[in-house]
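Work through the exercises below with the sequence and the model at hand. Each task is followed by a solution in steps.

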Amino acid sequence: MEKCRYCDPRLETELCGIVLDNPVIAASGTFGYGYEFAELFDINILGTFSFKGTTKEPRFGNPTPRIAECTGGLLNSVGLQNPGVERVISEELPELAKCFHKPVMANVSGFSADEYAYVCERLDEVKEIGWIEVNISCPNVHGGGMGFGTDPAMAAEVTRRVKAVTSKPVIMKLTPNVTDITEIARACEAAGADGISLINTLLAMRIDLKNRRPLLKNTTGGMSGPAVFPVAVRMVYQVSSAVDIPVVGLGGVSTAEDVIEMMMAGACAVQVGAANLREPYVCKNIIGDLPAVMDRYGIDSLKDIIGAAHSL
């Protein structure tokens, strides 16, 4: 009966035409393929989650060390470690289907437009997948990832190629490591994107004072956690003003208040990332806390506050 305690119709929202019981989405790379967390709680209380970033071929990821702590967050340089799309389809998603009974969000990465298109076309055949989140924002791999998300023309090309091979809603995940985030968002929208998610991690580094070398083997990594939250709110606000498609906000979200702030900035749904690594129950806690926080601020329905900050 656990799920019933988290069912409040006031939390309902919509993402690209698909209704979510609540706006809380566990972010890719922090929730595995879901069934790992299902051992801790009923993951069906989530709005949904975005599973681990998937590429065409298996990837071991970057050499270690690839995690470093910092004030207000952490740095990671995991490098898209995953078993490849064929194993995700044949092994991971059937296992997930045993414990998760809602549409799931697929997260796709690549090193060329051809690879993005191939992986999305394969995942389009999986009925359990509701949305395809295309990651053009990973700062931890060479020869791909963030390179596509920093150039409007390349971002548009990937969007077009993916839209040509899938019937599912396509959400383009953007990098904050650009001068004008709205330019990239508009390019994706013009190329047919159904939604935008942002932000991914900020490019950062730490140095080991004793060894006088970068803490991460890859030298730099992506910074996430509470310290990036104000940056994420600002970019969600800007992008939701610049495009007419749904925006998913993420970056440092760890409380119910953060979710509401993101939605007031313009997000229709909110992803929780790094906080899952520190507290595996954080998404459950946020969903449970939302009704009381809504009451505190006089909010009757979360749908009513989407973009509320823009009307001031």
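**Exercise 1: Unusual backbone angles**

C16 sits in the loop between β1 (13–15) and β2 (18–20). The model is predicted.

Task: State what is unusual about the phi of C16, and find where L80 is placed.

Solution. Step 1: most residues other than glycine have a negative phi. Step 2: C16 is not a glycine, yet its phi is positive, near 55°. Step 3: L80 also has a positive phi, about 60°, although it is not a glycine. Step 4: L80 is placed in the loop between β6 and α2. Step 5: the relative accessible area of L80 is 12%; buried means under 20%, so L80 is buried.

**Exercise 2: Cis peptide bonds**

Task: Locate the cis peptide bond that involves P65 and the one that involves I199.

Solution. Step 1: most peptide bonds are trans. Step 2: T64 and P65 are joined by a cis bond with omega of about 0°. Step 3: P65 belongs to the loop between β4 and β5. Step 4: the bond from L198 to I199 is cis as well, with omega near 10°. Step 5: I199 is in the loop between β10 (195–198) and β11 (202–204).

**Exercise 3: A residue in the β4–β5 loop**

Task: Decide whether P63 is buried, partly exposed or exposed, and state how far its C-alpha atom is from that of G47.

Solution. Step 1: P63 is in the loop between β4 (48–49) and β5 (67–70). Step 2: its relative accessible area is 44%; values between 20% and 50% count as partly exposed, so P63 is partly exposed. Step 3: P63 and G47 are 16 residues apart along the chain, and 34 Å separates their C-alpha atoms.

**Exercise 4: Salt bridges**

Task: The structure holds 14 salt bridges. For E69, E91 and D114, name the partner of each.

Solution. Step 1: E69 pairs with R278, with 3.4 Å between the closest N and O atoms. E69 is in strand β5 and R278 in helix α9, so this bridge ties together parts 209 residues apart in sequence. Both E69 and R278 are exposed.

Step 2: E91 meets R87 at 3.5 Å, N to O. The two are four residues apart in helix α2 (residues 85–97), which means about one helical turn separates them. E91 is partly exposed at 41%, and R87 is partly exposed at 42%.

Step 3: D114 meets R161 at 2.6 Å, N to O. This pair links helix α3 (residues 113–123) with helix α5 (residues 152–163), across 47 residues. R161 is partly exposed at 28% relative accessibility.

Step 4: salt bridges can also form a network, as the one linking D8, R10 and D295 does.

**Exercise 5: Pocket and surface patch**

Task: Describe the lining of the largest pocket, then say which residues form a nonpolar surface patch with I207.

Solution. Step 1: the largest pocket has a volume of about 700 Å³. Step 2: 40 residues line this pocket, and S28, G29, T30, N76 and T201 lie nearest its centre. Step 3: elements giving two or more residues to the lining are β6 (73–76), β14 (221–224), β16 (269–272) and α9 (275–278). Step 4: the lining has 17 nonpolar, 20 polar and three charged residues.

Step 5: the patch consists of M205, I207 and L209, with about 330 Å² of accessible area together. Step 6: I207 is in strand β12 (residues 207–208) and is partly exposed, at 46% relative accessible area.

Key:
Residues numbered from 1 in each chain as written. Predicted model: local features only at pLDDT ≥ 70, side-chain atom pairs only at ≥ 80, totals over all residues. Heavy atoms only, no water. 1 Å grid on protein atoms, 1.4 Å probe; cavity = no way out; pocket = protein on both sides within 12 Å on 5 of 7 lines; lining within 4 Å. Points joined across faces, edges and corners; volume = space filled by probe spheres on them. Nonpolar A, V, L, I, M, F, W, Y, C, P; charged D, E, K, R; others polar. Patch = residues over 30% accessible without salt bridge, like charges linked within 9 Å, V, L, I, M, F, W, Y side chains within 5 Å. Areas by Shrake-Rupley, 256 points an atom, 1.4 Å probe, with all protein chains shown as cover. Salt bridge = Lys/Arg side-chain N within 4 Å of Asp/Glu carboxyl O. Buried < 20%, exposed > 50% of the residue type's maximum accessible area, 1.4 Å probe, protein only.
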